[in-house]
Amino acid sequence: MKIFEIVGSDYFKALTGKYQNIFMDCLGIIYNSYRTELSYGVDRESIILLLTDYFEKNSADDIQFEEGQDVFRDSRTKANGFLRKLKGYGWVEFEFDNSGYAKILMPNHSIFIMQALTAITEQNEMEYQSEVSAIYSLLTNKELLDHPYPQIIKPVYDRTLALFTELKKLNTSIRKYIDALTDGQTPEELMEHFFSYNEKIGSKAYHRMKTNDNVSRFRNTIESQLRFILNDETIMERTVIDYQDIESEKDKIEAYNKASEMISSVISYFNVYDDIEKEIDRKHTKYLNSAVRRAKFAFLNTNNIEGKLSTILRELAAVLETEESIGIYDDVPEDYNKIFHLSPQSFISGESLKTVAVTKKKDDVEEICSDPPLSDEELKRCRENLKKRNEHCFSRKNISAYIRTLLNEKSEISASEIDLHSKRDMIRLIFIRTYGRDKKSAFLTIPKENMISNRGFTYKDFIIKMR
């Protein structure tokens, strides 16, 4: 970014130093006169009169820009001095007509910067619905497709950037209010802070975003129309021609890529709208919860005994700090002695505010007796019993091994072919059917329609096969 090649190296000197506020006020006066002037430029004498009036009302001190230079005392001399400085810094330009009268002009970069500074100062909020409605109207107007780039794509792109910039500003504003909720605030300050938030954010920008100005109402149509333009070869050809003509782009492929990138960027912005809205919702909820918790904490601490004592001590400390005749180590005034009656207490009273500590008697820990360790033979016998028990359980592994034995070289087998001699065999069959439905098993089961009655058990037949 080669900004100083455009504005000059001394440009921002007007915004620094001891006279920066006066320079800003003078720039504001010149900018407001320049933008409301119908003719080309503003008469220099008119600007001098406005600046003179400003200095008469706001600045009685002498002005000296640097040591050793002239000192400006009267208002008109100050007006001329500041105007010359602004010209030297590059904020304004002089242009003389044939009669020798000078007009004040503001270069484009000065106008852009003053617009930005004015927007920061005034903090005007965007009407989201007007921006979204404009985007929607541009995209749904078929008559504008004759020249899609200047009449649709470029204004839609610019308005989308402005819209989502405002949404990000709303997100940042909520975060600023959250950061301002500090522990040091009094209940009154917390309530004032909450009402300020509700007036500037909650009931205005946030409320509009969730109701009248909700982007989601138009988003689907906006995205579909953008994709329609992007996929239509005829419209894109006209877009490329318009882009080359307006943006002075000689390369046709580069023009196509740039225009396509603008359309894709707008689609991407609307795709992430839900994420931005969720983040704003999360911070809005976080602010409200934090404000309620802080206010509740502050009011509770003010109304209980501890809070009242804390308030009294804070007020007493404030008096001791402000009254020079009373030192922190001096005796307390007689008026305060009527309030406090402090004396040591050497016994526990039922009316005492201090919580009585509950003491517990510590008994000696009994020694934990453990059984003697197992011998090698007993340990071996326990392991064998455990192994046999595992072999007879209906685990997935054991059932899979049983199925492999049944199938042998067959590709499949029906459940009706398995002999049932006991309840254990029936339970195993139930596990086969259960495991066969799970994709993690090495085999699968396929149900059949016929019913089977075998040794008192009735069940629906099924096919068993390896996966």
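Trainee: Which residues of α11 do Arg-219, Ile-222, Glu-223, Leu-226, Arg-227, Ile-229 and Leu-230 in α9 meet?
Mentor: This is a predicted model, in which local features need pLDDT of at least 70 and side-chain atom pairs count only at pLDDT 80 or more, while totals for chains, interfaces and linings use all residues. Residues are numbered from 1 along each chain as its sequence is written, and side-chain values use heavy atoms, with hydrogens and water left out. Helices (DSSP runs of H or I, at least four residues) and strands (E, at least two) are numbered from the N terminus, and contact means heavy atoms within 4.5 Å. The α11 residues met by those of α9 are Ser-260, Ile-263, Ser-264, Val-266, Ile-267, Phe-270 and Asn-271.

Trainee: How many of the residues in the contact of α9 with α11 are nonpolar?
Mentor: Ala, Val, Leu, Ile, Met, Phe, Trp, Tyr, Cys and Pro count as nonpolar, Asp, Glu, Lys and Arg as charged, and the others, Gly among them, as polar. Three residues of this contact are charged and three are polar, and the nonpolar ones number eight.

Trainee: Are α9 and α11 roughly parallel or roughly antiparallel to each other?
Mentor: The axes of α9 (residues 216-231) and α11 (residues 252-271) come within 10 Å and cross at roughly 160°. Angles over 145 degrees count as roughly antiparallel and those under 35 as roughly parallel, with 65 to 115 roughly perpendicular and the rest oblique. The two helices are therefore roughly antiparallel.

Trainee: Which helix has the lowest mean pLDDT among the elements of the chain?
Mentor: The predictor's confidence in each residue, pLDDT, runs from 0 to 100, and the chain averages 77, with 69% of the residues scoring at least 70. Helix α10 (residues 233-247) has the highest mean, 91, among the elements, whereas the lowest, 55, belongs to residues 187-210, helix α8. Where pLDDT is low, the predicted coordinates should not be read in detail. The helix asked about is α8.

Trainee: Which residue takes a positive phi in the hairpin of β5 and β6?
Mentor: Strands pair if DSSP finds at least two bridges between them, and β5 (residues 443-454) pairs with β6 in the antiparallel sense over nine bridges, with Lys-460 as the partner of Met-451. Two residues lie between the strands of this hairpin, and the positive phi, near 55°, is that of Arg-455.

Trainee: Which strands stand at the edges of the open sheet β1-β3-β2?
Mentor: The pairing in this sheet of three strands is antiparallel, and four bridges join β2 to β3 (residues 102-105). Each edge strand has a single partner, so one side of each is left without a neighbour in the sheet, and these strands are β1 and β2.

Technical notes
Axes are lines fitted to C-alpha atoms, for helices over the stretch in contact, and angles run from 0 to 180 degrees between N-to-C directions.
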